[in-house]
Every structure is written in structure tokens, then in C-alpha cells.
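Student: I should like to work through some side-chain pairings and surface features. May we look at the structure together?

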Amino acid sequence: MRFNTILYCLKQGIRNIFRNKLFSLASISTMAACIFLFGLFYAIVMNVQYMVKEAETSLCVTVFFEKGTSETRISVIGEEIRLRPEVSNVVYTTADEAWASFKDIYFEGNEEYAKAFMGDNPLVNSSYYTIYLSEASLQDNLVTYLEGIKEIRRINKSDLTAESFTDFGMLIGYVSAAIILILLAVAVFLISNTVSVGITVRREEISIMKLIGATDLFVRAPFLVEGILIGLIGAAIPLALIYYLYGNVTHYVLEQFSILSNIMVFLPVKEVFRSLLPVGLVLGVGIGFLGSSATTRKHLRV
């Protein structure tokens, strides 16, 4: 296409939007509502996944060693564990450190009782590794590996916690996919109807254009531009609104429910919009193009 032709198509596409103001407004409003819900759900999913990931980093497996295992052997086992792909961090607690921690917790306020154990560590041979997982779903693999080490006498794990994290992550994925598909279908249907009305209004004009030799692309282009612009406008408005609301809402939640601040850790708005902005705009433009393209292919047979 020449520049003048492209400019003509752009002007006609914009003119189509104003020519069918009511339908265009309805399509933009519905598109904005769909993208707003999508963006809202997208931000929620990102934050939930972030919170789950943060919680997963606190999920750990604790291993205790057989009596008589040397410190050298324990150190070697620790290095081998650190190299495992399931492991994010390993913390070693000696028997003396375990006893000191025990005294601080159980003899708090009654320190004189702890003096009875002066020079004697009842938790001797209780050194252990606290192994933090990189992902909750990898716990079983790690436990299987640890069970094969003969010097390890006991393994403490959290089956319920690991399964809960894994199942919750899968649930979030399935629900988000279902909602996105529904929103896509609704938006495509509405844009198709809007473009269809525009074609009906201009059917006589289109027939004349075809009779004097206008190509299918030349006839379809203004309607494709119309659909794309509706999608772009319908996506830009809710994304700007979400950007404004996100910071205020997260600040309000953390301020009003400060007791949950250790659990509810929100992503910064820039981190969320780093992926949400391009995804939202591409989704809006894509829906607009898909709806208008399908409709022009169906109705522009004159």
C-alpha cells in the first residue's frame, strides 16, 4: 500500500468509529471492562504466585545424623546436598547451637534450671541440616535422595505444606486460563457486532467501490483499523486505571491489615506492569483485529 492509501484507511477507520458512536462506545466499554478484569486478575495471579514462591523459600527439610558420624563426613554430606537442584540453601546447626537455642526457648524466665546442665549437653549427637527447597514440588525427589544416605537417621518433612503449594499453583493456572478464554470470546463477539453494523451501513458504498475495481484489502482495511483502534483504546483505559489503583490498594491493604504484612508481600507496580502492559495492549489489539478480520471476511462478499 502507498502512504496515501494507508492514510485513507486510517481516516476511514477513525470515521467508522464516530459514525457508529453508540456501538463503538459499547464495544470500547465492554473491551475496557474485559481488559480491566483481565488486568486485575493478572495482577492478583502474579502476586499470589509471588507470595507462594516466597512461602516456598521457607519450606524446608531437616535431617539428623546417626550417632558417631564425624564432623568431616557431615560436612561432606552438606556439600553434596548443596549441589542438588532441589536445594536453594542449607544451614548447619551444631549440637551446641541446638542446645543453646533449646535453652533460650524452654528455659526462658527460669534460667536457673538450665544451670543443672552446666557442662553437659543433653542434645549431643543432635546436629542437623536445615535444607530449604527451591520449589515445593521437588520435596519428594530430595527426600528420596536423602533416604539413600546411610548416615542420616531421621528426616523431618512437610508433605501437607508441599502438596498445598503445588496444588494451589495448579489451581491458579487453570482458573486464570478459563477466565482469559471467556473474556476473549466476549470481546471478539462484541467487536464483530460493531464492525458488522459498520459494514451494513456502508454496504452500498462498498458495492460501488468493488464495482470500480477496489481490492478486497482496500475495502477491508478501514474496518480492520476500526477494530484495532477499538481494541487499543479499550485496553489503554483500564490499564491506566489499574496502574493508578494498584499502588493505592496495596498501600491501603498493608496499612489497614498490618498484621498480615509478613504474609502478604506485594510486587511493586512497575514489576507487574513490566509484563502486564505489553500483554494487555497486544491482547486488546489482537482481539480487535481478530473480531474485525473474521467479520469482514464473512460479510464483505459483495
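Student: In this predicted model, is Glu 79 buried, partly exposed or exposed?
Tutor: The buried class ends under 20% relative accessible area, and the exposed class begins over 50%. Glu 79 has a relative accessible area of 44%, so Glu 79 is partly exposed.

Student: With which residue does Glu 79 form a salt bridge?
Tutor: Side chains of opposite charge can pair when their charged atoms come close. The partner lies 3 residues from Glu 79 in helix H3, about one helical turn away. This partner is itself partly exposed, at 37% relative accessibility. With the closest N and O atoms 3.3 Å apart, the residue is Arg 82.

Student: How many residues apart in sequence are the parts that Arg 73 and Glu 151 tie together?
Tutor: The two side chains meet in a salt bridge, at 3.1 Å from N to O. Arg 73 belongs to helix H3 (residues 71-82), whereas Glu 151 sits in the loop between helix H6 (139-147) and strand E4 (152-156), so the parts joined are apart in sequence by 78 residues.

Student: Which of the two, Arg 73 or Glu 151, counts as buried?
Tutor: Arg 73 has a relative accessible area of 29% and is partly exposed. At 14% relative accessibility, the buried residue is Glu 151.

Student: What is the approximate area of the nonpolar surface patch that includes Leu 245?
Tutor: Leu 245 lies in helix H9 (residues 216-256) and is partly exposed, with a relative accessible area of 31%. Together with Leu 241, Tyr 244 and Val 249, Leu 245 makes a nonpolar patch of about 370 Å².

Notes
Residues numbered from 1 in each chain as written. Predicted model: local features only at pLDDT ≥ 70, side-chain atom pairs only at ≥ 80, totals over all residues. Heavy atoms only, no water. Patch = residues over 30% accessible without salt bridge, like charges linked within 9 Å, V, L, I, M, F, W, Y side chains within 5 Å. Areas by Shrake-Rupley, 256 points an atom, 1.4 Å probe, with all protein chains shown as cover. Salt bridge = Lys/Arg side-chain N within 4 Å of Asp/Glu carboxyl O. Helix = DSSP H or I, 4+ residues; strand = E, 2+ residues; numbered from the N terminus. Buried < 20%, exposed > 50% of the residue type's maximum accessible area, 1.4 Å probe, protein only.
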